[in-house]
Amino acid sequence: MGRSTAPSQENTMTIRTAIIGFGTGGRVFHAPLLTAEPRFTVSAIVTTDPARVASAAGTYPRADILAGPDEVFARDDLGLVVITSPNSTHAPLARRAIAAGIPVVIDKPLGLSSAEAGSLVEEAEAAGVPLTVFQNRRWDGDFLTLRRALAAGDIGEVHQFESAFEKWAPTLLQRWKDIATPEEGGGILLDLGPHLIDQALLLFGDIVDVHAELDRRRPGAMADDDVFLALTHANGVRSRLWMNATAPANRPRFRVLGSRGVLTSHGLDPQEAQSKAGLRPLDPGFGVHADGRTALLATPDGERPAPLLPGEHLAFYRALGDALTSGAPLPVDPRDCVRGLEIIEAARRPA
């Protein structure tokens, strides 16, 4: 495992971590989560944007603020590298981490293609370097609630799974996500598709048929910003997934129809918004909707609320800490993400 358990001065079990990128991924997700899990410490942050440099230095004064990834791979004290930079850099930077023997977490997508991602997984396995993907939406509260309902048999045999991740962002900004082409890693299908497809695969198994509708709604859009996928699973379940950046109002986040009932939930998991507002993963109420909303279970006998479980993205890093210190399984098998990319490629393929 290379340098996966290099000790720090503070704690012999601390895994010194470098975060490459300090946009939403690094600032809102990874750094707060790593800080909340005692087996990790944020030792280095790579960012060049002046405002982000100031934010990183002020929030994580013990971390070195570095100008580029070369400075990360020149170090010999790291036990983990987190890659949360633009999509096109994920695989090249991960290869450098693998070559250096440093365990690596990659934001989705794992690569720009299933071939690139599959090759990366093989390289990591051959080198014996742990590689995993930050599929944090597996630990959204509404998704955990849905899994609980399925396990309890509340919905019965599932026939249809509807999942939507929509927002209102009608104006393009000068950021890489808005100006990149699909070949460069742009588009909402490659941004949100890995999450929604991963959840469908996790719940209902492999997919045997893909129908896709990809549109560009915003003036000047270089890539898709309104996507619908209809997926047929090998077990007969049909998943319908929506991703949209131009939705003035949103569909239910989940609507799951089964032989006994229908489970519906509204609104996005609150953890991202709470982190942006300054709440931290160990604070009271983190991962819980402040308005007390519930999901709704409807059956022929009537309707009843289904309490939402708290979201817990921190579970990813707790599981990763177990994997790096005691050999437990990685929190996300990267081959799951290769399969997700194969489905995205099928969706982009002309009929």
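**A parallel sheet and two helix packings**

Let me start with one pair of residues: T17 has V42 as its bridge partner in strand 2. I should say at once that this is a predicted model, and that everything I describe is read from that model. A second pair belongs to the neighbouring part of the structure, where I19 stands opposite I45 of strand 2. Strand 1, residues 15-20, and strand 2, residues 40-46, run parallel and are joined by six bridges.

Staying with strand 1 for a moment, six of its six residues are buried, so that the strand is mostly covered. I15, T17 and I19 point one way from the strand, while R16, A18 and I20 point the other way, and all of these are buried.

Now to the sheet around this pair, which is open and made of six strands in the order 3-2-1-4-5-6, with parallel pairing. Strand 3, at 64-66, and strand 6, at 131-134, stand at the edges, and because each has a single partner strand, one side of each is left without a neighbour in the sheet. If direction is ignored, neighbouring strands of the sheet are turned against each other by 25 degrees on average.

Which strands does helix 1 lie across? Helix 1, residues 24-36, lies across strand 1, strand 2, strand 4 (80-83), strand 5 (104-107) and strand 6, and it runs at about 175 degrees to strand 1.

Let me turn to the helix packings, and to helix 8 in particular, which spans residues 188-204. Its axis and that of helix 11, residues 334-348, come within 9 Å and cross at roughly 120 degrees, which means that helix 8 is oblique to helix 11. The crossing of helix 8 past helix 11 is right-handed. On the helix 8 side the contact is made by L189, L190, G193, P194, I197, D198 and L201, and on the helix 11 side by D336, R339, G340, L341, I343, I344, A347 and R348. Sorted by class, this contact has nine nonpolar, two polar and four charged residues.

Helix 8 also packs with helix 6, residues 141-152, at an angle of about 15 degrees and with the axes 12 Å apart, and helix 6 is therefore roughly parallel to helix 8. Here too the crossing is right-handed, with helix 6 passing helix 8. F143, L146, R147 and L150 of helix 6 make the contact with Q199, L202, L203 and F204 of helix 8. By class, this contact has six nonpolar residues, one polar and one charged.

Methods: Residues are numbered from 1 along each chain as its sequence is written. This is a predicted model: local features need pLDDT of at least 70, side-chain atom pairs count only at pLDDT 80 or more; totals for chains, interfaces and linings use all residues. Side-chain values use heavy atoms; hydrogens and water are left out. Axes are lines fitted to C-alpha atoms, for helices over the stretch in contact, and angles run from 0 to 180 degrees between N-to-C directions. Helices (H or I, at least four residues) and strands (E, at least two) are DSSP runs, numbered from the N terminus. Angles under 35 degrees count as roughly parallel, over 145 as roughly antiparallel, 65 to 115 as roughly perpendicular and the rest as oblique. A crossing is left-handed if the near helix is turned anticlockwise from the far one by less than a right angle, and right-handed if clockwise. Contact means heavy atoms within 4.5 Å. Ala, Val, Leu, Ile, Met, Phe, Trp, Tyr, Cys and Pro count as nonpolar, Asp, Glu, Lys and Arg as charged, and the others, Gly among them, as polar. Two strands pair if DSSP finds at least two bridges between them. Buried means under 20% relative accessible area, exposed over 50%, partly exposed in between (1.4 Å probe, protein chains only).
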